[in-house]
Amino acid sequence: MNKKIKKFVNYKNKKKIVSLTAYSKNISLIIDEFCDLVLVGDSLANVLYGMKTTHELNLNTIIGHAQSVKKGIKKSLFIVDMPKNSYKTSKQAIKNAKTIIKKTGCDGVKIENNTVNLNILKSMCNSKINV
């Protein structure tokens, strides 16, 4: 667990957190000093690309935005949302999460948590992926 994650976990029951979404360096430069967590969310599919759902977003698009956002992050925990179709199986989820972390330098990734994804989430944690 890296220092930023340890610090963030220590906030539990002690401090309210501030979390905002960014899709580019210029926004992350502005919000970083005020946030505990900055997320590159799959909502960029709707907000920037006009897609009807976030399900259309691909891995390379979110990685490109995350690389931009990373350039403006100095103190915040940096998390990248994994697009819906990038974690259909545990093997795919682990491979794609490692790709996101390697290419973006993020502190962790986010997936939708539900009963369908529970085993995928467990596999990612067992593979030492911050999720």
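Start with the cysteines: a search of the whole of this predicted model turns up zero disulfides. Select cysteine 106 and you will find that it takes part in no disulfide; the nearest cysteine sulfur, belonging to cysteine 125, is 14 Å away.

Now select cysteine 125 and look back the other way. Why is there no bond here? The closest cysteine sulfur, in cysteine 106, is 14 Å from the sulfur of cysteine 125, which is too far for a bond. For the pair to count as a disulfide, the two sulfur atoms would have to be within 2.5 Å.

While both residues are on screen, switch on a surface. Is cysteine 106 buried or exposed? Cysteine 106 has 6% relative accessibility, so it counts as buried. Cysteine 125, at 41% relative accessibility, counts as partly exposed.

Next stop, the largest pocket, with a volume of about 360 Å³. To find your way to its centre, select Ile79, Val109, Lys110, Asn130 and Val131, the closest to that point among the 15 residues of the lining.

From there, colour by secondary structure. Which elements each supply at least two residues of the lining? They are helix H1 (3–9), strand S3 (77–81) and strand S4 (108–110). Strand S4 deserves a click of its own: S4 gives the largest share of the lining, three residues.

To finish, recolour the lining of the largest pocket by residue class. You should see ten nonpolar residues, along with three polar and two charged ones.

Definitions and conventions:
Residues numbered from 1 in each chain as written. Predicted model: local features only at pLDDT ≥ 70, side-chain atom pairs only at ≥ 80, totals over all residues. Heavy atoms only, no water. 1 Å grid on protein atoms, 1.4 Å probe; cavity = no way out; pocket = protein on both sides within 12 Å on 5 of 7 lines; lining within 4 Å. Points joined across faces, edges and corners; volume = space filled by probe spheres on them. Helix = DSSP H or I, 4+ residues; strand = E, 2+ residues; numbered from the N terminus. Nonpolar A, V, L, I, M, F, W, Y, C, P; charged D, E, K, R; others polar. Buried < 20%, exposed > 50% of the residue type's maximum accessible area, 1.4 Å probe, protein only.
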